Amino acid sequence: MPVTTPTVIQSDSIISPDGHFRVSAGPGAGKTYWLVEHIKNVLQHSGNLGKSKKIACITYTNIAADTIVRRLDFVAERVEVSTIHAFLYKHVIKPYATFIAAEYELNVGKMDGHDDHFPSGKKIKYWLDNHPNRTTLASPYTYNQLVQRPNNFAALKNWLESISYQLTSQGIFIVADNSKAVHITNGSTTRLAKQACLDKLDTALLGYKKIYWKDGILHHEDVLFFAHKLITRFPFILTILKAKFPYFFIDEFQDTNPIQADILRLLGDTLVNVGIIGDKAQSIYKFQGADMKQFDDFKLPALKDFMIADNRRSTNSIIDVLNSVRSDIFQKPVRQEQGTRPIIYVGDMTAAVTAVKSICGTSPIATLSRDNITANTMKRQLNTSTPSSNLIDDIFDLDGDSKRRKTVVYTINAIELARQKRFKEAIKEISKNFREITDKGVRKKIAFLKLSLLLSEYEAYKSQPLLTFFQLLKQHINPSLSRVTGGKPQIFYTAFTYEQLAVCVSIQDDNSLNRTIHKAKGDEFDNVVVILKEEANLTFLLNPSLLTTEEHRIFYVGISRTRERLFISVPTLDTSKETKLRHWFDIVRL
């Protein structure tokens, strides 16, 4: 679909407070600054707000939401800033879910927010036991073979964890990614067959979801599903939203998925003023359903297109690198400071960071990695060996005691959140161990006391085998937990330390200096080291294709986070590639 040639503006340009708009802007362009100033302009000059109506400002992460709230300062009470999931849960799901609760067997009384989807072994077995196609399952995928063979069951869990929703012209359908129905262990691959197994099971995916909904458990994707169902079936909800929020502004729109975009389109069709801001080259959340095409394809009547081509963040040397890998926006430096040449370090990543520290001195250094384990390894400066697989996933595969493994994982997650001073989330996570306590106040108090105790003992167990940590949990969290007595669980609990599992924890909205690139999105740092795990990752510099290759966009986002100094760490580099790279980088072999 052709896109209108945009009007070029600057980050301090003022546009009309009314009407639909789309703003395209590269990294460091001042998108957030422009959005905050536009919100202030609307608050000052709009005739549609009155005394009680608000502006809805939707962001992709809680970190971005907090940044906007801080910059809005004293006018923040006139703006509701949140993620799309939080907004829809508060204004659509909570007040109106009862309208469709019976149809979807949703226990509204038990609903308490939304979370990631972690398939429950007990619920999977219940689903299979009651599946309408159970009797048609044949060897090697009979009910018993799926449930009793660990590799089959692990592959089935991976498949169910991939459940998402697909928007078509006929409505929203629940789907699972067949490519995820795989389990790899000790070099052996187990893959569930499509025709003989998955095609028979996916006819009842809705039934699988209902098992969770009966307990009031909503996953993030369920919020979008129910919100879309409610809005399309009960249009008066849109009327109410318009009455409350005559303006909807959506930052980082390139990271929306088709269902989110359709909800926003429906809002725009009700005469709400909708504005979207984003950058196609920074669309990096395909694994969460984001579709880069949504940014160009989003259409509303009389929508006006704008572009900010400035880069207010980085030095000229860094902007030269950014411009070398994309062709749709050529950024102009605002600071006009040449800065130091970026450096590529070839060799061990720890040695690279040590070299960077010698250059930057006391100035903070951010390390940005492609995967969570590498990021956490850099964060903890792990003394023991870095795990080669995700141990959080492994414990779910190897420990057949559901209650025991969940207690371990919930508690490790809580401790690591608390160590980042995210105590509210930490309390919520460790509270999952005390769900049998119905009084929320009492449950929260107990969770706080237990978490405080575990944090006080941290130095004693962090480097010890996981079994030591588990014994502490059995003593203080739940004495009824089964002991680890033998077999694969005992091997696992004695082979790995608490720290090794902790580096596998994935924390949403990580605000440390050692993060994944995805979690650094929307942030900036004076000094950045982008950690590449293999030489092939340099393709994003040598043969860039940002608009067609997400991996290239991910590393582009990584190098664009820096203000002053950029470093890249790569384990090896063929000398034939040096000539092109030396045009923008100094190359140092360690």
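## A walk through helix packing, a pocket and a cavity

Helix 1 and helix 2 cross in a right-handed sense. This is a predicted model, and that pair of helices is a good place to begin. The axes of helix 1 and helix 2 lie 10 Å apart, and the packing angle is about 50 degrees. That angle makes helix 1 oblique to helix 2. If you bring up the side chains, you will find that helix 1 contributes T32, Y33, L35, V36, I39 and K40 to the contact, while T67, I68, R71 and L72 come from helix 2. Sorted by class, the residues of this contact are 6 nonpolar, 2 polar and 2 charged.

Keep those two helices on screen as we turn to the second largest pocket, which holds about 570 Å³ of space. Its lining takes in 25 residues, and T32, R71, R313, G522 and E524 are the closest to the centre. Two elements give two or more residues to this lining, namely helix 1 (31-45) and helix 2 (62-72). Helix 2 gives the most, with 6 residues. T32 and R71 are worth a second look here: both belong to the contact between helix 1 and helix 2, and both are among the residues closest to the centre of the pocket. As for the character of the lining, 11 of its residues are charged, alongside 7 nonpolar and 7 polar ones.

From an open pocket we can move on to an enclosed space. Searching the whole structure turns up 1 cavity of 30 Å³ or more. The volume of the largest cavity is about 70 Å³. To find it, select the residues that line it: I58, T59, Y60, I84, I250, D251, E252, D255, T256, Q260 and L264. Strand 3 (55-59) supplies at least two of these lining residues, and so does helix 12 (258-268). The cavity lining divides into 5 nonpolar, 3 polar and 3 charged residues.

I84, one of the residues lining the largest cavity, leads us to helix 3, which spans residues 84-96. Helix 3 packs on helix 10 (residues 220-233) at an angle of about 55 degrees, and the two axes are 9 Å apart. Helix 3 is therefore oblique to helix 10. The crossing of these two helices is left-handed, whereas that of helix 1 and helix 2 is right-handed. On the helix 3 side, the meeting residues are H85, L88, Y89, V92, I93 and Y96; on the helix 10 side they are H220, V223, L224, F226, A227, L230 and I231. By class, this contact has 11 nonpolar and 2 polar residues, with no charged ones.

Further along the chain, helix 19 (residues 423-430) and helix 20 (residues 440-456) offer another geometry. Their axes come within 9 Å and cross at roughly 105 degrees. Angles of 65 to 115 degrees count as roughly perpendicular, and helix 19 and helix 20 are therefore roughly perpendicular to each other. Helix 19 brings A426, I427 and I430 to the contact, where they meet K444, A447, F448, K450, L451 and L454 of helix 20. This contact has 7 nonpolar residues and 2 charged ones, and no polar residues.

Finally, two details of the backbone deserve a visit. What is the form of the peptide bond from S139 to P140? That bond is cis, and its omega is near 10 degrees. You will find P140 in the loop that runs between helix 5 (121-129) and helix 6 (143-148). The other detail is at E105, in the loop between helix 4 (101-104) and helix 5. E105 is a residue other than glycine with a positive phi, near 55 degrees.

Note on methods
Residues are numbered from 1 along each chain as its sequence is written. This is a predicted model: local features need pLDDT of at least 70, side-chain atom pairs count only at pLDDT 80 or more; totals for chains, interfaces and linings use all residues. Side-chain values use heavy atoms; hydrogens and water are left out. Axes are lines fitted to C-alpha atoms, for helices over the stretch in contact, and angles run from 0 to 180 degrees between N-to-C directions. Helices (H or I, at least four residues) and strands (E, at least two) are DSSP runs, numbered from the N terminus. Angles under 35 degrees count as roughly parallel, over 145 as roughly antiparallel, 65 to 115 as roughly perpendicular and the rest as oblique. A crossing is left-handed if the near helix is turned anticlockwise from the far one by less than a right angle, and right-handed if clockwise. Contact means heavy atoms within 4.5 Å. Ala, Val, Leu, Ile, Met, Phe, Trp, Tyr, Cys and Pro count as nonpolar, Asp, Glu, Lys and Arg as charged, and the others, Gly among them, as polar. On a 1 Å grid over the protein atoms alone, a cavity is a set of points where a 1.4 Å probe fits but cannot get out, and a pocket is an open set with protein on both sides within 12 Å along at least five of seven lines; lining residues have an atom within 4 Å of a point. Grid points are joined across faces, edges and corners, and a volume is the space filled by probe spheres set on the points.
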